[in-house]
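These are my notebook entries on a protein model. I looked up its pockets and then its sheet.

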Amino acid sequence: MDHLPRFTAAAVQAAPVYLDPAATVDKAVALIAEAAAHGAGLVVFPEAFVPGYPYWNWTMNPVQGSPWFERLQRSSVDIPGPHVDALREAARRHGIVLVIGVNERAPHSLGVLYNTLLTIGPDGALLGVHRKLVPTWAEKLTWTGGDGSSLVVHPTPVGPLGALACGENTNTLARFTLLAQGELVHASCYIALPVAPADYDMADAIAVRTAAHSFEGKVFSVVACSTISPEIVDTLAGDDGELREAFTRPRSALSGVFGPDGRPVTDPLVDDEGIVYAEIDLARCIRPRQMHDITGHYNRFDVFRLEVDNRPRTPVTFTAPPTATATATATATPTPASEEDA
């Protein structure tokens, strides 16, 4: 690669307009405009940003959470659909590369929702639709896992770009699959998790995972995490004092940009809403790889081999597509013969 891009990255740390997809997309469009006005060429949003994260999976039993699942299903996103079109238009209008998390409705089943990351190019093209491979812990009550077809690194004006959602950034093989395709810019999309176990520091967990991927792969990572708004607290905790205290727990979110040495390029943002900006020079990925290049000379491909099944998985496969003629033939009722014909 003769030319390695230099650009400004923007990591958005914000709360959605909870369970309101239209208002959340409007907020995202405004934040995209703000980031572009500050010179951003890449804008990364949190996981499940549109229209929000199913926190009830952590605070309610499955029966109590079922009406909330229906509410989320009714306010999720269709791909293609008008909400995605609005995001694509914003990326095109401002000439930025966009990564944003959405709840995606499956076209074939009312019971299937995906935790999906969209990657959109500066021309508004939908480059990637990555469905989180394995919903984490309580998330299995809401989301269905994706498949390997979306583990793709996309060529973009800001360089080869890959993206993973939250706990996927702990999955060594998923991360290696992106690195082995030449990833140089990694989007890590998270949610604030104030309802995690008491000894779990989400801000530290995000920083450790982001630093690990950046250092191991010698890449830049842009990490964006959601925040907990008072609206979310009121909606989900109500008058429950214990839950309200849990939802306002500190160090539940961290966003920022990490370099190929594993260190933050600039100070990360913890808990508060805002946008972190950082200058990225992909030429900084070259020299560290002379020492450790785990997708090149610092590996033993005669000893290790990773095989990825990247076939899309569908609920039904037809050996041949049905045709109108075949359908009409199969459903036609034979005409009785007349007495004269007999």
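Entry one: the second largest pocket. I worked from a predicted model. I found that 15 residues line the second largest pocket, and that Trp58, Thr136, Leu193, Tyr200 and Arg209 are the ones nearest its centre. I noted a space of about 190 Å³ in this pocket. Sorting its lining by class, I recorded ten nonpolar, three polar and two charged residues.

Entry two: the largest pocket. I noted about 240 Å³ of space here. The lining of the largest pocket consists of 13 residues, with Tyr114, Arg131, Asp147, Arg313 and Thr314 lying nearest the centre. By class, I recorded five nonpolar, four polar and four charged residues in this lining.

Entry three: the sheet. I recalled that strands of a sheet pair through backbone hydrogen bonds, in either a parallel or an antiparallel manner. In this model I traced an open sheet of six strands, in the order E5-E4-E3-E2-E1-E12, with mixed pairing. Strand E5 (126-131) and strand E12 (274-281) each have a single partner strand and stand at the edges, so one side of each is left without a neighbour in the sheet. From one strand to the next, the twist averages 25°.

Entry four: one pair of strands. In which sense do strand E1 and strand E2 pair? I found that E1 (residues 6-13) and E2 (residues 40-44) pair in the parallel sense, over four bridges. Within this pair, Ala9 stands opposite Leu42 in E2.

Entry five: a helix on the sheet. I saw that helix H4 (residues 82-94) lies across strand E3 (97-105), strand E4 (113-120) and E5. Helix H4 runs at about 20° to E4.

Technical notes:
Residues are numbered from 1 along each chain as its sequence is written. This is a predicted model: local features need pLDDT of at least 70, side-chain atom pairs count only at pLDDT 80 or more; totals for chains, interfaces and linings use all residues. Side-chain values use heavy atoms; hydrogens and water are left out. Two strands pair if DSSP finds at least two bridges between them. Helices (H or I, at least four residues) and strands (E, at least two) are DSSP runs, numbered from the N terminus. Axes are lines fitted to C-alpha atoms, for helices over the stretch in contact, and angles run from 0 to 180 degrees between N-to-C directions. Contact means heavy atoms within 4.5 Å. On a 1 Å grid over the protein atoms alone, a cavity is a set of points where a 1.4 Å probe fits but cannot get out, and a pocket is an open set with protein on both sides within 12 Å along at least five of seven lines; lining residues have an atom within 4 Å of a point. Grid points are joined across faces, edges and corners, and a volume is the space filled by probe spheres set on the points. Ala, Val, Leu, Ile, Met, Phe, Trp, Tyr, Cys and Pro count as nonpolar, Asp, Glu, Lys and Arg as charged, and the others, Gly among them, as polar.
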